[in-house]
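Student: Hi! I have the model open and would like to talk through its sheets, a helix and the ligand site. Can we start with a sheet?

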Amino acid sequence: MTEKNIESLLHEDRSFEPPVEFASAARLGNREDYDAIRSKAAADPEAFWASIAEELHWFRKWDQVLDWSNPPFAKWFVGAKTNISHNCLDRNLDRGLGDKTAILWEGEPGDRREISYSELHASVCEFAGALLAKGIKAGDRIALYMPMVPELAIAMLACARIGATHSIVFGGFSADSLRDRINDAEAAMVITADGGWRRGKVLALKDIVDDAVVQCPSVKNVIVLKRCENEVAWDEERDTWWHDALVGVAPLQAAAELDAEHPLFILYTSGTTGKPKGVVHSTGGYMTQAYITTRWIFDLKDDDIYWCTADIGWVTGHSYIVYGPLMNGASVVMYEGAPDTPGKDRFWDIVERYGVTVLYTAPTAIRTFMKWGDELPASHDLSSLRLLGTVGEPINPEAWMWYRRVIGGDRCPIVDTWWQTETGAIMISPVPGAVTTKPGSATLPFPGIDAEVVDSDGEPVAANQGGLLVIRKPWPGMLRTIYGDPERFKEQYWARIPGMYFAGDGARRDEDGYFWIMGRIDDVMNVSGHRLGTMEVESALVGHEAVTEAAVVGRPDDVKGEAVAAFVTLGPGYEGDDELAAALRAHVGKEIGAFAKPDDIRFTDALPKTRSGKIMRRLLRDIAAGRDEVGDTTTLEDYSVLASLREDD
Ligand code: WT7
């Protein structure tokens with residue numbers, strides 16, 4: 001979030017009421033009714049969430065809605081048995097949706113598949129049978145490192161069907177990152193593909209898996225989907241083609257009856273230390289919140305064609321490509337590749353050809369499209385669209401207005417949805433038929449969610465005062481722990497303001513109670529909507545032989561939101577030249593993944609530190625952003641360091 005954006009958000013006074021036509025057909029179509037739901041939910045959140053859970057299928061109902069006797073370790077729907085795969089598939093077949101299209105998939109090269117709910121169900125049952133045949137049991141962890149193909153959704157749903165906990169690793173992560181995540185979760189199996197298509201080239205996923213798993217003693221099996229027909233190395237003992245794994249296997253018809261608190265998935269995300277955290281989500285609560293947020297916020301109806309452009313490797317794809325929409329029996333568009341292949345109008349071409357009605361994407365993508373020009377969307381018929389969504393970072397009002405005008409034809413409401421990997425599902429967002437929107441504001445907390453902006457004592461701040469964004473009561477989709485590290489879970493999220501979940505974001509509420517998210521206030525960057533810890537990049541840099549010390553900060557970037565700026569001091573005998581900068585970028589790419597490569601690297605003799613030896617990040621942020629007026633330097637140990645850093649500008 002740049003200073004400029006904060007400035008413009010402070011002065012934003014436009015607002016847009018739900019269009020009458022939209023509201024009259026919406027699931028929730030007026031503010032009074034919505035407020036009634038919100039106040040009832042606020043008075044008794046457990047009753048609210050239980051009433052939503054009733055809409056889903058349970059093998060056995062709960063004895064207790066919430067057990068909060070041992071905070072911050074929540075248990076939702078205590079004693080209940082359910083299965084999210086059953087709710088995504090069998091429940092829809094039971095409702096007569098078997099012939100309805102579940103997935104409209106398009107590969108980057110242009111190949112297409114349409115998969116009905118019955119077909120998806122059959123494929124999931126088959127693959128679940130294959131997992132059992134490989135000895136996978138409920139509670140085992142399975143790492144998924146896959147392109148955006150239907151088999152990724154099939155694998156997730158098959159894991160969920162038998163109670164194996166999936167850990168999806170985004171295909172942009174390097175072999176080292178994949179290895180660390182596999183080892184942290186002690187995954188028994190990896191599911192991957194020979195490759196995936198990205199900008200006309202094959203991303204050789206199996207090669208990366210091969211590099212990773214040589215250092216993963218827990219991995220007994222690797223299942224490989226044939227997607228790109230590229231050459232792959234083969235380990236006869238360990239590797240099985242996906243199609244061979246299905247041969248002679250009995251499909252698992254009945255989904256396992258799992259405890260509501262059974263761990264559904266682990267998803268690794270960055271924090272303030274060098275080591276990513278395995279965020280653990282469980283079944284019943286997550287399912288309930290993912291289901292109802294999808295239903296109300298995206299206003300899904302039977303004939304909608306819904307497209308979320310995220311990658312399933314991030315939480316957005318888990319909750320709003322796979323679980324949420326499928327539980328709602330929606331027809332979901334899934335696209336494998338890049339937005340600029342073969343042309344920069346690929347997204348608009350997809351919207352037009354499939355008649356997409358609801359589009360959910362990220363501010364960084366919207367800003368990229370703005371740069372590419374209005375002509376590209378204008379050359380396609382986008383009149384099927386009726387609702388637009390955004391997620392991942394604060395959206396600047398200019399991008400919001402452009403999205404509304406150029407993509408939404410001034411007719412579609414925009415839902416700006418705030419949430420996190422940890423929250424599991426959307427927490428703050430307009431409900432489009434009921435809530436007036438303001439460009440740049442995520443508006444109001446979802447019913448049953450107790451969000452607030454507080455000071456460091458946990459006291460709510462006055463209207464339009466900045467503060468810390470917190471959640472004061474447990475919610476069903478909340479993370480249950482950090483995998484293998486319950487202490488870190490407590491310390492990271494519940495210690496800063498005792499008794500409240502601190503989200504890491506700064507925010508303010510305006511006079512209407514609307515939330516305006518100001519971005520991260522910890523040492524976490526948001527690069528193109530992807531969370532990246534400064535410490536992670538720093539540990540990667542100091543892992544290079546030439547580097548003695550490194551400090552990494554985010555700096556404002558018009559398209560990415562934040563870019564990665566690194567300040568590096570070198571050991572004796574090393575020269576800070578372009579060649580070394582390139583080598584360091586490559587090194588970070590290898591350690592973490594290409595998306596983490598620093599945009600700027602500055603070599604310096606020393607880093608500015610306080611007397612107690614803390615790196616003065618605020619100062620570095622000012623320098624990285626090219627701001628002339630740097631902040632308070634009275635605690636700066638060595639003024640000359642500042643002078644020399646600035647000279648390099
Ligand atoms: C962080 C969470 C949740 C899916 C994608 C990112 C930022 C997310 C918004 C929004 C302002 C937002 C926050 C948050 N963020 N959505 N609508 N407005 N900021 O998931 O990687 O877990 O990152 O993304 O800073 O803390 P994530």
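Student: Which strands share an open sheet with strand 22, and is the pairing parallel or antiparallel?

Tutor: The order is 21-22-24-25, four strands in an open sheet with antiparallel pairing. Strand 21 (451–454) and strand 25 are the edges, each with a single partner strand, so one side of each has no neighbour in the sheet. Strands here are DSSP E runs of at least two residues, helices are H or I runs of at least four, and both are numbered from the N terminus; two strands pair if DSSP finds at least two bridges between them.

Student: Anything I should keep in mind about the model itself?

Tutor: This is a predicted model, in which local features need pLDDT of at least 70 and side-chain atom pairs count only at pLDDT 80 or more, while totals for chains, interfaces and linings use all residues. Residues are numbered from 1 along each chain as its sequence is written, and side-chain values use heavy atoms, with hydrogens and water left out.

Student: Back to the sheet, then. How many bridges join strand 21 to strand 22?

Tutor: Four, with the two strands running antiparallel. One pair to look at is Glu-452 with its bridge partner Val-470 in strand 22.

Student: And what about strand 22 with strand 24?

Tutor: Those two are antiparallel as well, over four bridges. Ile-471 has Tyr-501 of strand 24 as its bridge partner. Moving on, strand 24 (residues 501–509) and strand 25 pair antiparallel over five bridges, and Ala-507 is matched there with Ile-517 of strand 25.

Student: Is strand 22 mostly covered or mostly open?

Tutor: Mostly covered: five of the five residues in strand 22 (467–471) are buried. Buried means under 20% relative accessible area, exposed is over 50% and partly exposed lies in between, with a 1.4 Å probe and protein chains only.

Student: Ok, new topic. Which strands make up the open sheet of seven?

Tutor: The order is 5-4-17-16-18-19-20, and the pairing is mixed. Strand 5 (112–116) and strand 20 (414–416) each have a single partner strand, so one side of each is left free of sheet neighbours.

Student: Do strand 4 and strand 17 run parallel or antiparallel?

Tutor: Parallel: four bridges join strand 4 (residues 101–106) to strand 17 (residues 331–335). Among the matched residues, Leu-104 has Val-333 of strand 17 as bridge partner.

Student: Now helix 17. Why is it described as largely enclosed?

Tutor: Eight of the 11 residues of helix 17 (397–407) are buried, so the rest of the structure largely encloses it. Trp-400, Trp-402 and Arg-404 are among the buried ones. After the helix comes Gly-409, with a positive phi near 55°.

Student: Last stop, the ligand. How many residues surround it, and which are the closest?

Tutor: There are 17, and the closest are Asp-416, Thr-417, Thr-421, Asp-505 and Arg-531; a residue counts as near if one of its heavy atoms lies within 4 Å.

Student: Which polar side-chain atoms lie by an oxygen atom of the ligand?

Tutor: One from Thr-421 is at 2.6 Å, and one from Arg-531 is at 2.7 Å. Taken alone, the ligand exposes 550 Å², of which the protein buries 96% (Shrake-Rupley areas, 1.4 Å probe). Helix 13 (315–327) and strand 25 (515–520) are the elements that give two or more residues to the shell.

Definitions and conventions: A polar contact is a pair of N or O atoms within 3.5 Å; within protein, one must be able to donate a hydrogen and the other to accept it, and residues adjacent in sequence count only if both atoms are side-chain atoms.
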